[in-house]
Amino acid sequence: MNKTIRRASVFTLLLVLALLVRATWVQFYEGQALADDQHNRRNAIQTYAEPLGNIIVAGEAVTGSARTEGSDLAYKRTYPDGPLYAAVTGYASQAYAPTQLEGIYEDLLNGTDPRLDTVVDTVTGKRADPGNVITTIDPAVQKAGYEALGDTKGAAVAMDPRTGRILGVVSTPSYDPSSLTDADTAGAAWKKLNADADKPLTNRALRQPLPPGSTFKLVVASAALEDGLYTSVDERTDSPDPYTLPGTVTPLTNENPSAPCENASIRVALQYSCNNVFGKMAVDLGQDKVRAMAEKYGFNDDEQDVPVRAYTSVYPKDMDKAQTGLSGIGQFDVTATPLQMAMVSAAIANGGELVSPHMVAQTTDSGGDVLEDYDENAGTERIISADTAAQLRSAMRTVVEDGTGSNARIDGATVGGKTGTAQHGENNSKTPYAWFTSYAKSDSTGEEVAVAVMVEQSDAARSEVSGNGLAAPVAKAMMEAALAG
């Protein structure tokens, strides 16, 4: 063999070896990444080759699958009551990544979850029959909240304080997830929804923390009673009216100038929503003690999964005394989601214990066998003592029966609550947020519920925005539906 042929042969052999190495690398090291690539259409074809599993509410599917025509994607997702349950289900789209429960349980719903595989599936490589997601949502509570919020921009969360089961998750304005399911039409709908100034794709109930205003006073009152700053909700406080924020000449005034807020007890201060009392209380406690209590309730938790991950509700650090005073009335940089404020009321209603909130009861395979039981695995944490919880429940009842929360009264039920009106914008120039957080217990059946409502924007004049006027009626509607069930 001459020299030229030998060199060509070696070069050719090296090329063959290089191709083998590359093929091996792609198959064994990059194969999974390529298979999982969102631009790999084979994934979508496989996902939508068969009907998906369903998300279940009270035994009925709130999702479905429909046969397509003229597409290599054989099925598409459907939502019979899409706008009503959008904040729960999210969407499964042929064009976009799934969200909410559709995204979290994507593998279960499309049959690729390994837990679904039978022996036959393993041998044949056939995709398993998809599983289902059983939610804790009560359709009556969900509908009541959705209809009560109506055309307003807002959100509401209802939960059973004894079990942590979330009974309703509502965010308005909503959208129809069905508009995003078909690859041929999803693009136009996506552009329209994202261009909408009201942000219908935002889940305001779980993923939009806003200043909670005076509803946060329940957290401050909890800290004061647990710390021993005050031993009873009926003990008079050391609270001048007006109260000047430390280091400033700015008085912390009250919405009602004639309210009996000077040195008012916690009960009276909650009843009339006295800013001077809770601003001074936060300063007297110090930001560290208030933050510690807030964090017990769930603030500053960046892994709050229900199982959808909620955005973090924040109680800030490194404040001066004036800022700490403002934080005591749920202002400055304090933010909360409706979920978070529902958790506050739930813990108080449940004797000081917070059961982990969750909106999925179980996941099952296609035959109904349980894969995971979230009701059984819900953890419980003591937030405040039973005595503190009882005192706060009593004070919250006074708010509803004789104070600023009168629109939440329900015949045949014991109801407690706290209103909130949160200022925001430069020099508080924007329309305030209206809040209401509450609990109710049926006098006849013992059924219980905790609710938080936030109205971000309504048609009401700025002077008419209040937690009692806008948010409490929504909470009442949801509580009535929960207690009736």
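**A first look at this predicted model**

L193 is a buried residue, because its relative accessibility is 13% (buried is under 20%, exposed over 50%, partly exposed in between, with a 1.4 Å probe and protein chains only). Residues are numbered from 1 along each chain as its sequence is written. The model is predicted, so local features need pLDDT of at least 70 and side-chain atom pairs pLDDT 80 or more, totals for chains, interfaces and linings use all residues, and side-chain values rest on heavy atoms, without hydrogens or water.

**The chain as a whole**

- The protein chain contains 17 helices and 16 strands (DSSP runs of H or I with at least four residues, and of E with at least two, numbered from the N terminus).
- Measuring along the principal axes would be one way to picture the chain: its C-alpha atoms fill a box of roughly 105 × 55 × 40 Å.
- Of the 485 residues in the protein chain, 50% are buried.
- Contacts (heavy atoms within 4.5 Å) often span the sequence: among those between residues at least 6 apart, 68% join residues at least 24 apart.

**Around L193**

- You can find L193 in helix α8, which covers residues 186–195.
- Setting aside neighbours within four places in sequence, L193 is in contact with Y175, S179, L180, P200 and L201.
- K153 is 40 residues from L193 along the chain, and their C-alpha atoms are separated by 15 Å.

**A salt bridge close to helix α8 in the chain order**

- The structure holds 18 salt bridges (a side-chain nitrogen of Lys or Arg within 4 Å of a carboxyl oxygen of Asp or Glu).
- One of them joins K76 and D182, whose closest N and O atoms are 3.6 Å apart.
- K76 belongs to strand β4 (residues 75–78) and D182 to the loop between β7 (166–172) and α8, so this pair ties together parts that are 106 residues apart in sequence.
- K76 is partly exposed, because its relative accessibility is 26%.
- D182 counts as buried, because its relative accessibility is 16%.

**R267 and its partners**

- R267 forms a salt bridge with D234, and the closest N and O atoms are 2.7 Å apart.
- Since R267 sits in helix α11 (residues 266–271) and D234 in the loop between α10 (217–227) and β8 (243–244), the pair ties together parts that are 33 residues apart in sequence.
- R267 is buried, with 18% relative accessibility, whereas D234 is partly exposed, with a relative accessible area of 47%.
- R267 is also touched by T398, which lies in helix α16 (residues 386–402).
- Besides R267, T398 touches Q271 and G403, not counting residues up to four places away in sequence.
- T398 counts as buried, because its relative accessibility is 12%.

**Other charged partners**

- D305 and R309 form a salt bridge in which the closest N and O atoms are 2.7 Å apart.
- D305 is partly exposed at 37% relative accessibility, and R309 is partly exposed at 39%.
- D113, R115 and E372 are linked with one another in a network of salt bridges.

**One more residue to look up**

- L17 has its place in helix α1, which covers residues 3–36.
- L17 counts as partly exposed, because its relative accessibility is 42%.
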